[in-house]
Amino acid sequence: ITFYDSNTGKPLFIAPRGGRTLDQFLKESIDHGWPSFRDEEVIWENVRCLPNGEAVSVDGTHLGHNLPDRKGSRYCINLVSVAGSPTIGANVGSSA
């Protein structure tokens with residue numbers, strides 16, 4: 001599932017990825033109350049994590065926060081921030 005920036009339509013996250021199943025992605029998101037993404041699911045060309053843990057799009061949209069746990073970085077993202085529609089010609093394939 002590709003999640004898009006609500007303001008720009010750029011792709012921000014693709015989940016599940018990195019060996020997670022859809023059931024695992026949904027369970028973790030429901031357990032935490034927010035869509036929860038891992039490093040492998042972030043499209044880094046469009047997302048930044050600031051030193052204070054805030055996750056933002058490269059265009060300045062506040063997305064949520066990095067709340068690391070025993071499995072690594074976990075980006076808890078406000079659903080309204082990733083409820084956008086794709087921009088025509090948006091590059092969805094890259095994640096690094």
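This text walks through one predicted chain, from its overall layout to its core, its loops and its pocket.

The model is predicted, so local features need pLDDT of at least 70, side-chain atom pairs count only at pLDDT 80 or more, and totals for chains, interfaces and linings use all residues. Residues are numbered from 1 along each chain as its sequence is written, and side-chain values use heavy atoms, with hydrogens and water left out.

Start with the layout. The chain has one helix and seven strands. Here helices (H or I, at least four residues) and strands (E, at least two) are DSSP runs, numbered from the N terminus. In sequence order the pattern reads β-β-α-β-β-β-β-β. The chain has 96 residues, and 41% of them count as buried. Buried means under 20% relative accessible area, exposed means over 50%, and partly exposed lies in between (1.4 Å probe, protein chains only). Contacts, defined as heavy atoms within 4.5 Å, often span the sequence: among those between residues at least 6 apart, 54% join residues at least 24 apart.

Next comes the interior. A nonpolar core is a set of buried Ala, Val, Leu, Ile, Met, Phe, Trp, Tyr and Cys residues joined through side-chain atoms within 4.5 Å. The largest one has 13 residues, and Phe3, Phe13, Phe37, Leu63 and Ile77 touch the most other members. Strand 2 (11-14) and strand 7 (75-77) are the elements that give two or more residues to this core.

Look at Leu63 in detail. Beyond four places in sequence, its contacts are Leu12, Phe13, Val47, Ala55, Val56, Ser57, Cys76, Ile77, Asn78 and Ser81. Val47 is one of these partners. Val47 belongs to strand 4 and is counted as buried because its relative accessibility is 3%. The C-alpha atoms of Val47 and Leu63 are 8.8 Å apart, across 16 residues of sequence. Val47 also has its own set of contacts: leaving out residues up to four places away, it touches Leu12, Phe13, Val42, Val56, Ser57, Val58 and Leu63.

Strand 5 (residues 54-57) contains Glu54. The C-alpha atoms of Glu54 and Gly64 are 6.0 Å apart, although ten residues separate them along the chain. Outside its neighbours within four places, Glu54 contacts Arg48, Cys49, His62, Gly64 and His65.

Cysteines come next. A disulfide is a covalent bond between the sulfur atoms of two cysteines. The cut-off used is a pair of cysteine sulfur atoms within 2.5 Å. The structure holds zero disulfides. Cys49 is partly exposed, because its relative accessible area is 31%. Cys76 counts as buried, because its relative accessibility is 7%.

Now follow the loops. A cis peptide bond joins Ala15 and Pro16, with omega at about 0°. Pro16 sits in the loop between strand 2 and helix 1 (22-32). Arg17 is in the loop between strand 2 and helix 1. Arg17 is partly exposed, with a relative accessible area of 24%. Arg17 and Glu41 lie 24 residues apart in sequence, yet their C-alpha atoms are 5.6 Å apart.

Asp39 is in the loop between strand 3 (36-37) and strand 4 (47-49). Asp39 is partly exposed, at a relative accessible area of 32%. Its C-alpha atom is 7.4 Å from that of Arg74, 35 residues along the chain. Its contacts beyond four places in sequence are Trp44, Ser73 and Tyr75.

Finish with the empty space. Rolling a probe the size of a water molecule over the atoms shows where such space is left. On a 1 Å grid over the protein atoms alone, probed at 1.4 Å, a pocket is an open set of points with protein on both sides within 12 Å along at least five of seven lines, and lining residues have an atom within 4 Å of a point. The largest pocket has a volume of about 290 Å³. It is lined by 16 residues, and Arg20, Glu28, Arg38, Asp69 and Lys71 lie nearest its centre. The lining has no nonpolar, five polar and eleven charged residues. In that count, Asp, Glu, Lys and Arg are charged, Ala, Val, Leu, Ile, Met, Phe, Trp, Tyr, Cys and Pro are nonpolar, and the others, Gly among them, are polar.

Technical notes:
Points joined across faces, edges and corners; volume = space filled by probe spheres on them.
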